[in-house]
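Welcome to the tour! Open your viewer, get comfortable, and follow along one selection at a time.

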Amino acid sequence: MDWQNQKVVVLGGSSGIGLALVKRLVAAGASVVAVGRDRAKLDDALLGIGGQVTSEALDCADRAALGHFFGGLGRIDHLVMTLSGGEGAGPFAELDLAALRRGFEAKFWPQLEAAQTALPTLRRDGSLTFLTAISARIANPGTAGLGAINGALESMIGTLARELAPLRVNAVSPGVIDTPWWDRFPASVKSELFRQQSETLPVRRVGQADDVAHALQFLLENTFMTGAVIECDGGLRLL
Ligand SMILES: NC(=O)c1ccc[n+]([C@@H]2O[C@H](COP(=O)([O-])OP(=O)(O)OC[C@H]3O[C@@H](n4cnc5c(N)ncnc54)[C@H](OP(=O)(O)O)[C@@H]3O)[C@@H](O)[C@H]2O)c1
């Protein structure tokens, strides 16, 4: 792919997987717009990246803000949604369903709102890529809620790929990735989980943001990929 002529929007581009993707695409020569809610966080994250990157601070849970953003953008070739939620984990018997509802509001709905709002702006045969999570495909106790949020998104990928063709629609489904997403948990919980993952995963290490960014870049580049969900989990789903 000639990245020099590609314009990509990364929603959630100020941290973790989204930021790793922004860095990859800018290095490849693409023109990238990184989106997050926090202006200072965006400025900090993008400092020194160089290349063709701009940023926009907006809340993707706000449909009007999304409409204003995409309306003023001009044609784009690819949209990638790496928005993070975070709430909704825990054993089902004690699961706080209000928190799970907030988890849907923070991830499921913003990704759908953004995808729908962006359609008139997206190149007809460009691409639309969601970021889900392997919780949708494994039966790990304590992840039923997260699995529901991500499974809801994954269940739409094939249908959207047919309905919106020739636009390509795909997703990457990550396992445990070392990003600031984990900072919401106590440090001891995070380090114990990462230690256990490093011992048990077939690849014997926790994932890095760039591992997932690499898979996302592949889906943007490969014009024969549509309706696919790539598992980028170090083999977690096999355990
Ligand atoms: N890390 C993992 O182990 C892991 C595993 C499986 C799946 N995932 C999924 O991967 C995705 C990215 O996770 P990550 O680990 O890279 O998380 P992260 O480091 O917390 O990054 C999340 C990004 O999304 C932005 N964001 C969140 N809500 C937003 C909103 N309403 N509007 C605009 N921007 C918003 C954040 O910026 P602001 O806060 O400034 O808005 C930030 O740039 C998430 O969907 C997560 O569920 C992660």
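Start with the whole chain: buried residues make up 44% of its 239 residues. Here a residue is buried if 20 or more other C-beta atoms, placed from the backbone, lie within 10 Å of its own, exposed if 12 or fewer, and partly exposed in between. You are looking at a predicted model, where local features need pLDDT of at least 70, side-chain atom pairs count only at pLDDT 80 or more, and totals for chains, interfaces and linings use all residues. Residues are numbered from 1 along each chain as its sequence is written.

Next, switch to a cartoon view. You will find seven helices and nine strands; these are DSSP runs, numbered from the N terminus (helices: H or I, at least four residues; strands: E, at least two).

Now select the ligand. Which residues come nearest? They are G12, G16, R37, T179 and W181, out of 29 around the ligand, where near means a C-beta atom, placed from the backbone, within 6 Å. Elements giving two or more residues to this shell are α1 (16-28), β2 (31-36) and α4 (97-118). Colour α1 to see the element that gives the most, with three residues.

Last stop: select W3, in the segment before β1 (7-11). Is W3 buried or exposed? W3 is buried because 20 other C-beta atoms lie within 10 Å. Show L25, A28, G29 and A30 too: W3 touches them, leaving aside residues up to four places away in sequence. Contact here means C-beta atoms, placed from the backbone, within 7 Å. Finally, draw a distance from W3 to N140: their C-alpha atoms are separated by 39 Å.

Definitions and conventions. Contact = placed C-beta atoms within 7 Å.
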